[in-house]
Amino acid sequence: KQRIDEFGSKMANYDVALFYYAGHGIQTNGLNYLVPVDASLTTEQQVEYQCVRADRMFGSIVGEKTHIIILDACRNNPFERSWGRNTNGSGLAFMQAPSNSFIAYATAPGQTASDGTGNNGLYTEFLIQEMLIPNKTISQIFQSVRARVENKSENELNNKQTPWESTSLTNDFYFLIDDTEIEPEPNPNPDDLPKQFTDNRDEKVYKIVEIGDQVWMAENLAYKVNSGCWAYNNDESNVAKFGYLYSWEVANNVCPAGWHLPTKIEFEILLNNYGGNDDENANYTSLISNNSSGFSPIFGIWSSDCAIFWSSTNYNNNYAWTLHFAGITKRAGIRNSTHKNIQTSIRCIKNN
């Protein structure tokens, strides 16, 4: 369930989501459930707690993007004997496709699908082959799959299997396009490309945003130094997304040549440019919530709901100024209560 939710949260950065599931799927009380490999269902009532409702995907992938869900899960219920009776029917129940979605089933509602004789079920075996044929729409692909599955299951397995789809797509979708049949797109206008900066020390590339006569890094610095530098949660895989975390002393000396850590005044200029320094909610909305500023979203740096960035401005011997983004309250503002030993993120700036 957590993985499905995480998958849905990534959709803001993509145009197409595809969820494929092969394994046991059962229906109970008209609802479809995907069965984990370690499920032990001695009673029908345990399904709700040990399995995952198939329509959970719908809540994770709503929106105007293209959503494709493929369920090769229409098998016999493996727990029927321990339940004592079968009141749920075979296979999966029909689910209506939400907006701009395509749902594909290995067989018709209430029916079961063949496991096949190879590494994949009969349905997936043909689906893989058809998806590799270029320039076929998704509807054409699944029509071909249906015809091949029906033919083989009826003639060789003596148990006709009819794949089924539910769709609300309004445009054609292609898994594979032969580029030789498509005219190349014109070269993009350089003015329309995102502005970038390359750190010559490690060749990492950062998006940048120009504000007045200054240039800001729109992403967290990810330059590694020998000491005073940490990966979020001590996991180096987080650096690509969150950058490194630095103590205040180290942060003041880690920016690339010609760049520097923002001062408190420069943070105020940034906030004034996006919503006004006295309106912390407007700051948050302009800089983070709708991402129209060009600055990359930043949560997960400090905790799941808060991000903190160092300023070069000293408050006293123990504390320095920082810029805070709080996800719960949806507010962004400047604080003077961050201890210098704390590790936080930074974004460097320079004069334009």
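Two strands are said to pair where DSSP finds at least two bridges between them.

**Figure 1. The hairpin of strands E1 and E2 in the predicted model.** Strand E1 covers residues 16–28 and strand E2 residues 31–34. The two strands run antiparallel and are joined by four bridges. Within this pairing, Ile26 of E1 stands opposite Tyr33 in E2. Two residues lie between the strands of the hairpin. In the turn, Asn29 has a positive phi of about 55°.

**Figure 2. The protein as a whole.** The protein contains 10 helices and 15 strands. Of its 352 residues, 43% count as buried. Among contacts with a separation of 6 or more, 59% are between residues 24 or more positions apart. The protein exposes about 19100 Å², and carbon and sulfur atoms supply 45% of that area.

**Figure 3. The hairpin of strands E7 and E8.** Strands E7 and E8 pair in the antiparallel sense over four bridges. Asp199 stands opposite Lys204 in E8. Four residues separate the two strands of the hairpin, and Glu203 in the turn has a positive phi of about 65°. The two faces of E7 have distinct surroundings: Phe197 and Asp199 make up its covered face, whereas Gln196 and Thr198 make up its uncovered face.

**Figure 4. The open sheet containing strands E7, E8, E9 and E15.** The four strands follow the order E7-E8-E9-E15, with antiparallel pairing. The edge strands are E7 (196–199) and E15 (349–351), each of which pairs on one side only. From one strand to the next, the twist averages 35°. Strand E9 (residues 214–217) is joined to E15 by three bridges, and these two strands run antiparallel. Val215 stands opposite Lys350 in E15. Helix H9 (residues 264–273) packs on the sheet, where it touches strand E8 (204–211), E9 and E15. The direction of H9 makes about 90° with that of E9.

**Figure 5. The largest nonpolar core.** This core holds 23 residues. The members that touch the most other members are Met217, Leu221, Tyr246, Trp259, Trp310, Ile346 and Cys348. At least two core residues come from each of E8, E9, strand E10 (229–231), strand E11 (244–246) and helix H8 (248–251). H8 gives the most, with three residues. Leu221 illustrates how distant stretches of sequence meet here: when neighbours within four places in sequence are left aside, its contacts include Asp199, Arg201, Tyr206, Tyr244, Tyr246, Cys255, Ile346 and Cys348. Another core, of 18 residues, lies apart from this one and has among its members Ala218, Phe267, Trp321 and Ile334. In soluble globular proteins, nonpolar side chains tend to be buried together.

**Figure 6. The disulfide of Cys255 and Cys348.** The protein has one disulfide by the distance rule applied. A disulfide is a covalent bond between the sulfur atoms of two cysteines. In this link, the sulfur atoms of Cys255 and Cys348 are 2.1 Å apart. The angle about the S-S bond is -90°, and the link is left-handed. Distant parts of the chain are linked by the pair, which are 93 residues apart. Cys255 lies in the loop between H8 and H9, and Cys348 lies in the loop between strand E14 (331–339) and E15. Both Cys255 and Cys348 are buried. Cys348 is also one of the residues that touch the most other members of the largest nonpolar core, and both cysteines are in contact with Leu221.

**Figure 7. Burial of Cys51 and Cys229.** Cys51 is buried because its relative accessible area of 1% is under 20%. Cys229, at 16% relative accessibility, also counts as buried, because this value is under the same cut-off of 20%.

**Figure 8. The hairpin of strands E12 and E13.** Strand E12 (residues 306–314) and strand E13 (residues 319–326) run antiparallel and are joined by six bridges. Cys306 stands opposite Ala326 in E13. The hairpin passes from E12 to E13 through four residues.

Note on methods
Residues are numbered from 1 along each chain as its sequence is written. This is a predicted model: local features need pLDDT of at least 70, side-chain atom pairs count only at pLDDT 80 or more; totals for chains, interfaces and linings use all residues. Side-chain values use heavy atoms; hydrogens and water are left out. Axes are lines fitted to C-alpha atoms, for helices over the stretch in contact, and angles run from 0 to 180 degrees between N-to-C directions. Contact means heavy atoms within 4.5 Å. A nonpolar core is a set of buried Ala, Val, Leu, Ile, Met, Phe, Trp, Tyr and Cys residues joined through side-chain atoms within 4.5 Å. Buried means under 20% relative accessible area, exposed over 50%, partly exposed in between (1.4 Å probe, protein chains only). A disulfide is a pair of cysteine sulfur atoms within 2.5 Å. Accessible areas come from the Shrake-Rupley method with a 1.4 Å probe; for residues, only the protein chains shown count as cover.
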